[in-house]
Amino acid sequence: DCLDALDIFQGFLDKGIKGIKAIHADGTYFVWLDCRGLNMSQDELNKFFVETVKLGFNSGKTFGPDGEGFLRMNIACPKSTVEQALDRIVKALA
């Protein structure tokens, strides 16, 4: 259920993921990750998430120049999948 996944996601954000903030629009199962605090170019960010974190998100740059530094995460999946993804992010940034 997306609401459960959103609760899990929000719990991780409340703990704080260094360099990443999240923006969730009501009524959707997409979450925008503001990764500008990681000080990476979009290409570095995409590469880091695919090669190090082992997750593929939509590049914010795809949505226009204002999307630079953002990733879009789909949380329409089992909450265990969201938990695993967030664990990977936290570990990769540690």
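Is Asn 58 buried, partly exposed or exposed? Keep that in mind while you get set up, and we'll pick that residue early on.

**Before you click**

You're looking at a predicted model, where local features need pLDDT of at least 70, side-chain atom pairs count only at pLDDT 80 or more, and totals for chains, interfaces and linings use all residues. Numbering starts from 1 along each chain as its sequence is written, and side-chain values use heavy atoms, with hydrogens and water left out.

**Stop 1: the whole chain**

Show the cartoon. The chain has three helices and four strands, and reading along the sequence gives α-β-β-α-β-β-α. Helices (H or I, at least four residues) and strands (E, at least two) are DSSP runs, numbered from the N terminus.

Now switch on the surface. About 5700 Å² is exposed, and carbon and sulfur atoms supply 51% of that; accessible areas come from the Shrake-Rupley method with a 1.4 Å probe, and for residues only the protein chains shown count as cover. Of the 94 residues, 36% count as buried. Buried means under 20% relative accessible area, exposed over 50%, and partly exposed in between (1.4 Å probe, protein chains only).

**Stop 2: Asn 58**

Select Asn 58, in strand S3 (residues 58–59). Back to the opening question: Asn 58 counts as partly exposed, because its relative accessibility is 34%. Setting aside neighbours within four places in sequence, Asn 58 is in contact (heavy atoms within 4.5 Å) with Phe 63, Phe 70, Leu 71 and Arg 72. Add Asn 46 to the selection too: the two Asn residues are 12 apart in sequence, and their C-alpha atoms are 8.7 Å apart in space.

**Stop 3: the core**

Hide the surface and go inside. The largest nonpolar core has 21 residues, and those with the most contacts inside it are Ile 20, Leu 33, Cys 35, Phe 49, Val 82 and Ile 89. A nonpolar core here is a set of buried Ala, Val, Leu, Ile, Met, Phe, Trp, Tyr and Cys residues joined through side-chain atoms within 4.5 Å. Colour the elements that give two or more residues to this core: helix H1 (2–15), strand S2 (30–34), helix H2 (42–53), strand S4 (70–74) and helix H3 (79–93).

Centre on Leu 33. Beyond four places in sequence, the contacts of Leu 33 include Phe 9, Ile 20, Phe 57, Phe 70 and Met 73. For the chain overall, residues 24 or more positions apart account for 60% of the contacts with a separation of 6 or more.

Still in strand S2, click Val 31. Val 31 counts as buried, at 0% relative accessibility. Measure across to Met 73: the pair are 42 residues apart in sequence but 5.1 Å apart in space, C-alpha to C-alpha.

**Stop 4: H2 against H3**

Show just these two helices. What angle do H2 and H3 pack at? The angle is about 100°, with the axes 10 Å apart. Axes are lines fitted to C-alpha atoms, for helices over the stretch in contact, and angles run from 0 to 180 degrees between N-to-C directions. H2 and H3 are therefore roughly perpendicular to each other, a label that covers 65 to 115 degrees; under 35 is roughly parallel, over 145 roughly antiparallel, and the rest oblique.

Turn on side chains for Phe 48, Phe 49, Thr 52 and Val 53 of H2, plus Arg 88, Ile 89, Ala 92 and Leu 93 of H3; these make the contact. They divide into six nonpolar, one polar and one charged. (Ala, Val, Leu, Ile, Met, Phe, Trp, Tyr, Cys and Pro count as nonpolar, Asp, Glu, Lys and Arg as charged, and the others, Gly among them, as polar.)

While you're on H2, pick Asp 43. Asp 43 counts as exposed, at 56% relative accessibility, and its C-alpha lies 8.9 Å from that of Ser 59, 16 residues away along the chain.

**Stop 5: the loops**

Most residues other than glycine have a negative phi. Asn 39 has a positive phi of about 55° although it is not a glycine. Find Asn 39 in the loop between S2 and H2, where it is exposed, with a relative accessible area of 71%.

Next, jump to Lys 54, in the loop between H2 and S3. Lys 54 has a positive phi of about 65°, again without being a glycine, and is exposed at 55% relative accessible area.

Finish on Gly 67, in the loop between S3 and S4. Gly 67 is buried, with a relative accessible area of 10%. Leaving out neighbours within four places in sequence, Gly 67 is in contact with Gln 42, Gly 60 and Lys 61.
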